Amino acid sequence: MDVPESQVEQAIGQLDQVRTEWLRRPGVTGVDVGFKIRGDELTQELAVRVHVERKLPPEALAAHEVFSTEGQTERLGEFPIDVIEAAYGPSQAPAVMELDQLEDINRTSKVDPLIGGVSVGNPRITAGTLGAIVWDRTDCSVSLLSNWHVLVGDPAAVAGEAIWQPGKYDGGTAADSVATLTRFRLDADMDAALAKLNGTRGYTRDLVGLDFQIGGVENPVLGMNVIKSGRTTGVTKGVIDGVSFSGTISYDHGPNTFHGQIHIVPRPPWPSVNYELSKGGDSGSVWINEATKKAVGLHYGGETDPAPASEMSLANPMHKVAAATGLNFSFTPLFFCGIIPPFFRKPPLDDVVIKPPWKDIPKPLISDLPPKSLIDPIKLPGLDARLPFQPGTPVTRGGPAPFVFATPHHAQGMEPGESEYEAALEQLDAVIEHYGALRDQVAGRLGHHGAAGSGGT
């Protein structure tokens with residue numbers, strides 16, 4: 001189902017010319033670019049798609065109700081127009097789980113360690129899904145990821161509110177507080193929120209029912225096979241059949257219009273029979289590229305038609321969510337966050353105490369570097385690397401150095417996964433880069449003053 005990206009972008013450009021006008025029409029629930037549906041089956045033909053509450057035959061429509069441009073009733077530029085009957089809503093109001101959906105870990109009960117795919121929520125709402133354990137890039141804190149309408153749920157909510165696991169609908173109480181709300185966004189791009197773990201329970205990067213951990217983030221592509229682990233429907237598999245979706249979702253506090261979203265349907269054969277891609281309570285689940293194990297979408301809504309043949313899901317593009325202003329997180333462990341630790345960053349020239357005349361300065365003094373004799377091993381099993389600092393060692397500026405290389409698996413006495421070592425390597429590369437930059441600056445100043453001293457004596 002591969003479609004050239006240039007062709008997709010061309011179709012999105014055509015849709016952008018009519019997107020706003022078509023969304024304003026009565027009965028329209030969304031527009032996107034995706035595979036044309038013919039005879040209840042997805043084809044590989046790229047189309048501009050209009051989603052409506054009720055699909056009527058062309059002869060039953062007035063002239064102004066037909067989707068067309070320049071007199072073409074079935075095409076928009078070079079692309080066919082496909083009308084799809086579908087209405088959408090948030091996947092929040094939980095549905096009762098079927099007996100055959102129960103797994104070794106009960107998704108609606110208290111779990112320890114915390115794991116992706118289980119019930120969670122702000123007590124202001126019912127319950128949704130803990131999408132995944134993530135790392136906050138601003139301070140390296142371990143957090144949980146879900147939707148705004150799961151962790152916030154009310155415009156009156158503020159940072160610092162308690163997050164329960166399980167959610168209130170599933171029997172959670174104040175004693176089940178596992179995190180505090182930190183940052184969140186609900187706008188045209190996303191419905192997302194982070195909550196910092198409070199240390200009352202352990203955590204793992206695993207997701208219930210899946211045999212892998214999320215290894216990063218990538219962009220969604222038409223035809224991509226995706227998989228998720230959710231509180232209500234468990235592990236389900238789908239295919240991205242639409243991108244650049246625009247549509248309005250009605251929340252308890254009011255409507256929110258999204259743009260640039262992902263549209264997902266069950267995998268063939270079509271139409272799906274007795275296959276629920278998502279239900280109420282799955283909000284916050286992470287859609288993952290099954291081939292690469294990287295996150296592509298944050299589930300926030302689905303169709304409201306209970307018929308299995310109408311199964312459709314909506315997700316925020318994860319590459320936007322993870323890098324968003326106000327969120328900014330990683331699916332893999334982080335060891336250095338925010339500002340580079342004092343003794344790793346390149347200091348301003350004033351921090352390098354070398355001033356003319358050269359003879360008055362016995363040696364360079366870098367105030368941010370601790371003695372090289374202080375050596376502490378990186379605490380990753382199987383690694384013999386060392387860094388020139390010791391946790392707790394005071395430095396001139398910035399206080400003690402509290403940095404310890406450890407992973408959630410190591411904390412539980414388990415061997416870290418490949419992705420955790422890769423994350424450690426990435427962080428170490430950053431350390432090396434900053435040390436190199438610092439050395440180059442000192443060497444440059446040393447050479448400058450040496451030359452000046454030689455010329456003046």
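In this predicted model, six strands form an open sheet in the order β11-β12-β13-β10-β9-β21. The pairing in this sheet is antiparallel. At its edges stand β11, residues 162–164, and β21, residues 329–330. Each of these two strands pairs on one side only.

The description starts at the β21 edge. Strand β9 covers residues 132–136 and is joined to β21 by two bridges. The two strands run antiparallel. Asp136 has Phe329 of β21 as its bridge partner.

Strand β9 also pairs with β10. Here four bridges connect the strands, again in the antiparallel sense. Across this pairing, Trp135 stands opposite Val142 of β10. The hairpin of β9 and β10 has five residues between the strands. In this hairpin, Cys140 takes a positive phi near 70°.

Strand β10 spans residues 142–146 and is mostly covered. Five of its five residues are buried. In a regular strand, side chains alternate between the two faces of the sheet. In β10, Val142, Leu144 and Ser146 point one way. Ser143 and Leu145 point the other way. The residues of both sets are buried.

The next partner of β10 is β13, residues 191–197. Four bridges hold this antiparallel pairing. Leu145 has Leu194 of β13 as its bridge partner. Thus β10 sits between β9 and β13 in the strand order.

Attention now turns to charged side chains. Side chains of opposite charge can pair when their charged atoms come close. The model holds 15 salt bridges.

One of them is formed by the side chains of Asp32 and Arg49, at 2.8 Å from N to O. Asp32 lies in strand β1, residues 28–38, and Arg49 in strand β2, residues 41–52, so the salt bridge ties together parts 17 residues apart in sequence. How buried or exposed is Asp32? Its relative accessible area is 0%, which means that Asp32 is buried, the cut-off being under 20%. Arg49 is likewise buried, with a relative accessible area of 0%.

A further salt bridge joins the side chains of Glu290 and Lys237, at 3.4 Å from N to O. This pair links distant parts of the chain, 53 residues apart. Glu290 is in the loop between β18, residues 286–289, and β19, residues 294–303. Lys237 is in strand β16, residues 234–251. Glu290 counts as partly exposed, at 23% relative accessibility. Lys237 is also partly exposed, with a relative accessible area of 36%.

Glu290 has another partner, Arg267. In this salt bridge the closest N and O atoms are 2.6 Å apart. Arg267 lies in the loop between β17, residues 254–266, and β18, while Glu290 lies in the loop between β18 and β19, so this pair ties together parts 23 residues apart in sequence.

Salt bridges also combine through shared partners. Asp32, Arg49 and Asp241 are joined in this way into one network.

Methods:
Residues numbered from 1 in each chain as written. Predicted model: local features only at pLDDT ≥ 70, side-chain atom pairs only at ≥ 80, totals over all residues. Heavy atoms only, no water. Pairing = 2+ DSSP bridges. Buried < 20%, exposed > 50% of the residue type's maximum accessible area, 1.4 Å probe, protein only. Salt bridge = Lys/Arg side-chain N within 4 Å of Asp/Glu carboxyl O.
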